[in-house]
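Colleague: I'd like to go through the empty spaces and the packing in this one. Can you tell me what sits behind each label as we go?

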Amino acid sequence: MVAAMSVSALHISGAPAASFSGDVVIYGGTSAAVVSAIRAAKSGKKVYMVSPDMELGAMSSSGLGFTDSGKTAVIGGLAREFYHRVYKEYLKPQNWYVQKREDFKVKGQGTKAVNDAEQTMWIFEPRIATWVYNHWLAEYPNIIVHRGEFLDRESGVEKRGKMIKSITTLSGKKYSGKMFIDATFEGDLMASSGCSYTVGREGNEKYGEDYNGFRDTLRHNYHHFEVKVDPYKIKGDKSSGLLKYVSAEKPLANGTADKRVQAYNYRMCLTDYAPNKIELQKPENYNPEDFELCGRWFEQCPDAFPLIISRMPNGKTDINNCGAFSTDFIGENYNYPEASYEERAKIAKAHKDYHLGLLYFWKTDPRTPKAFRERIKNLGLPKDEFQSSGNWPFYMYIREARRLVGDYVMTQHDCQNTKATPEPIGMGSYTLDSHNTSRYVDENGFVQNEGDVQVPLWPSGPYQIAYGAIIPKRQECQNLFVVCAVSASHMAYGTIRMEPVFMLLGHSAAAAAVQCIDSDRAVQDINYRELAGTLRKEGQVLSMRDVRAGKSAK
C-alpha cells in the first residue's frame with residue numbers, strides 16, 4: 001500500500017507578516033483555483049492562492065474521481081494536462097496495490113478510464129488528485145499558497161472605485177493585487193465585492209427557457225417516487241404529522257421561480273479491500289425513524305438499488321445519488337449559499353451524519369433489498385484517503401450556490417446552441433443536469449420529489465462558454481474574475497458545473513488576468529482576439545473547429 005504522500009515541497013508561507021502583495025490574488029482551493037494559479041504563474045506573475053480549505057482540489061480531490069467528462073475532445077489546455085498528469089501517476093507500479101493497471105478496464109462518462117492513445121486518465125483516486133495538484137503547484141516558486149484563510153465577508157474587501165485593492169481574511173492577513181479571481185463554489189469574494197448575483201431557480205419566463213424553475217413533471221424517472229408512498233408518521237393519518245425529510249410546503253406551478261437550491265451530497269469514496277478498510281460504525285446520533293420514508297419505499301420497490309457505485313482503482317468507489325431516497329440530502333441546504341462559515345460547517349456536518357446514518361440503515365433494516373445489501377455490506381472507509389479529515393471526504397459536493405449575474409448570462413439557449421454565444425473562452429458538453437430540489441406531498445396525498453432535470457444536449461452537441469460569464473458588470477467591479485460561481489441561469493449552470501469545465505475556465509480567466517495586467521485594462525476591456533489566440537496556442541478548445549483542426553493535425 002502506498003504511504004501518504006508528502007507535500008513538503010509546496011510553497012506554503014509561514015511568514016508572520018500580515019500583509020502580502022502580488023500580481024494575482026486567487027481566493028479558493030478548488031481545482032479551478034489551482035489551475036488559475038498555475039496559468040498566471042506560467043506568465044511570470046506573483047500569485048497568492050488564499051484557500052479556506054486545508055486540502056486543495058475540492059471535488060476532484062474529494063471523491064468525484066469518476067469524472068463528468070462529457071465529450072473529452074473539448075477539454076483542453078491545463079484541464080487536459082491535469083488528466084494527463086493523473087495518467088502519468090498511474091504509470092507507476094507502486095500506485096497499483098490491489099490490481100494491475102492492465103486489469104482496470106472501467107469506462108467513464110464519455111470515455112474509457114484510461115486512454116493510452118491520448119495519455120489521459122479520467123477515473124482516479126482522491127489521493128492521486130491531491131498529489132497531482134500539490135506537486136504541480138510546487139513547480140512554481142512564484143505561487144504562494146495560504147491555507148485555512150477565510151475571507152472576512154463583512155469588511156474584508158477594500159475597493160478603490162470599481163477596483164479591488166485588497167482582501168483581508170478573518171486571521172487578519174491582507175492580500176493586495178492587481179487582478180483577483182474568485183474560485184469558490186459559494187462566490188464569497190464576488191458577493192463581498194458588491195457584484196450582482198442570484199440564488200435558486202429562475203422562472204422559465206426570465207430567459208425564455210423550458211426547464212427552469214419548479215419542476216415536478218418534466219420526466220418522472222428513477223430519481224422520483226414512481227410508486228405511492230405514504231408520507232405520514234402514521235400511515236393514512238394526516239394529523240400524525242409528516243415523516244422526516246418531507247416538506248409541508250405546497251408545490252408551485254411548473255416553471256415558477258424560487259430560492260431553493262438543488263441537493264448536495266458527499267461523493268463517498270469507500271472500499272471493500274480489507275487491508276485498506278476501516279469498518280463503518282453505528283453513528284452516535286443514529287435514529288432509524290429518520291429513514292422511515294426510505295423503508296416504505298423499499299417495501300414497494302424490493303428491487304431498488306439506491307446508489308450509483310462507480311469503480312475507481314485499487315478497490316475504491318465513487319458513490320453518487322440514485323433513486324427516490326438516496327444520498328442527496330434534499331431540502332437541507334437552502335440556507336447554505338448565504339450562511340455564515342459556522343452555519344455552513346453545521347450544514348456539512350448534518351450531511352455527513354445523514355450519509356453515515358443512511359448507510360447504517362441500509363445495512364441493518366430488514367426492508368433493504370437483498371441484492372443491494374449484499375453489494376454494500378463490505379464497504380468501509382479507505383485508510384489511505386482523507387487522512388486529515390478522519391478518512392471522510394473533506395469537501396461536500398456543493399452543486400450550486402450563488403451565481404454571478406455578470407456581463408453575460410449563460411442560458412439554456414447557449415447550451416443547446418439555439419443562439420450564438422459571444423467571445424467563447426472554452427466549451428462544455430455535459431447534459432443539462434439538476435438534482436432534485438424539494439420533496440413534498442402531492443395532490444393525491446403521496447410523497448414526491450421535484451427538481452430533477454436530465455436533458456441531453458444531443459443533437460446540438462458541445463457548446464461555447466462566453467467570456468462575459470466570468471466577469472462582473474462594469475459598474476460593479478473591473479478587476480475580478482469568477483470561475484466557479486459563473487454567470488448562468490440555474491439550467492445552464494447545471495451543465496457548466498463540472499470539474500473539467502471549472503478547470504478550463506480557471507485557465508482562461510488567468511490568461512485574461514495576465515493580459516489585463518500587462519495592458520493595464522479593466523476585465524471588461526479585454527482584447528478578445530488576442531486572448532483567443534493565446535488560449536488556442538495553449539491548447540484551449542474554443543469551438544468545434546478547434547476540435548476538427550486538432551484531429552486533422554494528428
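Colleague: What makes a space a cavity here, and how many cavities of 30 Å³ or more are there?
Modeller: The structure holds 2 of that volume. On a 1 Å grid over the protein atoms alone, a cavity is a set of points where a 1.4 Å probe fits but cannot get out, and lining residues have an atom within 4 Å of a point. Points are joined across faces, edges and corners, and volume is the space filled by probe spheres set on them. Mind you, this is a predicted model: local features need pLDDT of at least 70 and side-chain atom pairs pLDDT 80 or more, while totals for chains, interfaces and linings use all residues. Numbering starts from 1 along each chain as its sequence is written, and side-chain values use heavy atoms, without hydrogens and water.

Colleague: What lines the largest cavity?
Modeller: That cavity has a volume of about 60 Å³. Its lining includes Met59, Phe185, Arg399 and Glu499. By class there are 8 nonpolar, no polar and 4 charged residues, where Ala, Val, Leu, Ile, Met, Phe, Trp, Tyr, Cys and Pro count as nonpolar, Asp, Glu, Lys and Arg as charged, and the others, Gly among them, as polar.

Colleague: And which residues line the second largest cavity?
Modeller: Among them are Asp68, Ile75, Tyr430 and Val501, around about 50 Å³ of space. The classes there are 7 nonpolar, 4 polar and 1 charged.

Colleague: Why is the largest pocket called a pocket rather than a cavity?
Modeller: A pocket is an open set, with protein on both sides within 12 Å along at least five of seven lines, whereas a cavity is closed to the probe. The largest pocket has a volume of about 700 Å³. Of its 28 lining residues, Asp53, Phe150, Ala348, Phe394 and Tyr395 are closest to the centre.

Colleague: What makes a set of residues a nonpolar core?
Modeller: Its members are buried Ala, Val, Leu, Ile, Met, Phe, Trp, Tyr and Cys residues joined through side-chain atoms within 4.5 Å, buried being under 20% relative accessible area with a 1.4 Å probe, protein chains only. The largest has 141 residues, with Phe82, Trp362 and Met410 among those with the most contacts inside it. A second, separate core of 21 residues includes Tyr27 and Met190.

Colleague: How do you know that the protein is compact?
Modeller: The globule rule, 2.2 Å times the number of residues to the power 0.38, goes with a radius of gyration over C-alpha atoms. For 554 residues the rule gives 24 Å and the protein has 23 Å, so it is as compact as a globular protein of that length.

Technical notes: Buried means under 20% relative accessible area, exposed over 50%, partly exposed in between (1.4 Å probe, protein chains only).
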